[in-house]
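Reader: I have the model open on my screen and would like to understand the labels people attach to it. Could you take me through the reasoning behind them?

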Amino acid sequence: MGAFIAFQDVTKKFGAVTVVDHLGLEISKGEFLSLLGPSGSGKTTILMMLAGFERPTSGSILLADRPITHLPPHRRQMGVVFQNYALFPHMTVAENVAFPLEMQRVPRAEITRRVDRALDMVRLSALKDRKPSQLSGGQQQRVALTRALVFEPDVILMDEPLGALDKQLREHMQLEIRDLHRRLGLTIVFVTHDQSEALTMSDRIAVFNAGKVEQIDTPQAVYDRPRTRFVAEFIGETN
Ligand code: ADP
């Protein structure tokens, strides 16, 4: 078997503008891969193509050796967490987590079982009857993460999920996500423009510049042996 997730010569254009340019990328099962690069380098577009919300202009995407390029999002078994994780204010934590399963008409008993299990995984069970306004920012972010876990996915896609949090909470959530990754054996693709976040969290980092991979390597190698001037300068920047 090849890589768990593979982008094969994927290009994405919006009109005449090429935002992802002949991308080849392989991700192993259980890997924590960060897509790192400045704003506008194509990271979100890559995640959207993997999630199924955008189609490549050309090229293929494989999951466990199966082409998924044209599969709709709900058939990909991937959980997605965005920065602007809107929770429904009038629903409790448990209802927020149950909502996507209700939309898919999963039977009630199965919903209860999966919601309880997912809340337990992120240690939110004690807060399940609260409304979002009664939670801290970090707890709200954990609810958003639980909403992705409730599908019991193999893969979690995260787009700047900690961008809205203050520094202390951000560092705490970084540890929690790492811990979850290890405990559940998840494959995580994590979009960030924050070098230090990518360096501390990832197994490997893919550094993007204008829709192309400049380097894909372990954090140590990217830091110690940047292969291009762009990588050296981008990694060297402080926030
Ligand atoms: P990043 O996540 O690295 O900030 P994006 O993937 O969001 O980069 O965007 C890459 C480029 O594609 C940007 O120039 C952006 O303006 C453009 N872009 C993204 N989505 C669309 C869209 N739906 N229509 C037109 N242009 C888009």
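**From labels to reasons**

Author: Gladly! This is a predicted model, and a good place to start is its open, mixed sheet of six strands, arranged in the order 6-7-8-3-9-10.

Reader: What makes strand 6 and strand 10 the edge strands?

Author: Strand 6 (78-82) and strand 10 (212-217) each pair on one side only. From one strand to the next, the twist averages 15°.

Reader: How do you know that strand 3 and strand 8 pair, and in which sense?

Author: Two strands count as paired when there are at least two bridges between them. Strand 3 (residues 32-36) and strand 8 (residues 187-192) have five bridges, and their sense is parallel. To find the pairing on your screen, look for L36, which stands opposite T192 in strand 8.

Reader: Now the helices. Why are helix 2 and helix 3 called oblique?

Author: Their packing angle is about 130°. Angles over 145 degrees would be roughly antiparallel, 65 to 115 roughly perpendicular, and under 35 roughly parallel, with the rest counted as oblique. The angle of about 130° falls in none of those three ranges, so helix 2 and helix 3 are oblique to each other. Helix 2 covers residues 93-103, helix 3 covers residues 108-121, and their axes lie 10 Å apart. The crossing is right-handed.

Reader: Which residues meet where helix 2 and helix 3 pack?

Author: From helix 2 come A94, V97, A98, L101 and E102; from helix 3 come I111, R114, V115, A118 and L119. Sorted by type, the contact has eight nonpolar residues, two charged and no polar ones.

Reader: What makes the phi of D65 worth pointing out?

Author: Phi of D65 is near 70°, a positive value in a residue that is not glycine. You will find D65 in the loop between strand 4 (58-63) and strand 5 (66-67).

Reader: And why is D65 counted as exposed?

Author: A residue is exposed if 12 or fewer other C-beta atoms lie within 10 Å of its own. D65 has 10 such neighbours, so it counts as exposed.

Reader: Where is R123, and what is its phi?

Author: R123 sits in the loop between helix 3 and helix 4 (137-149). Its phi is positive, about 55°, although R123 is not a glycine.

Reader: How do you know whether R123 is buried or exposed?

Author: Being buried would take 20 or more other C-beta atoms within 10 Å, while exposed means 12 or fewer. R123 has 10, so it is exposed.

Technical notes
Residues numbered from 1 in each chain as written. Predicted model: local features only at pLDDT ≥ 70, side-chain atom pairs only at ≥ 80, totals over all residues. Axes fitted to C-alpha atoms, helices over the stretch in contact; angles between N-to-C directions. Helix = DSSP H or I, 4+ residues; strand = E, 2+ residues; numbered from the N terminus. Left-handed = near helix turned anticlockwise from the far one by under 90°. Contact = placed C-beta atoms within 7 Å. Nonpolar A, V, L, I, M, F, W, Y, C, P; charged D, E, K, R; others polar.
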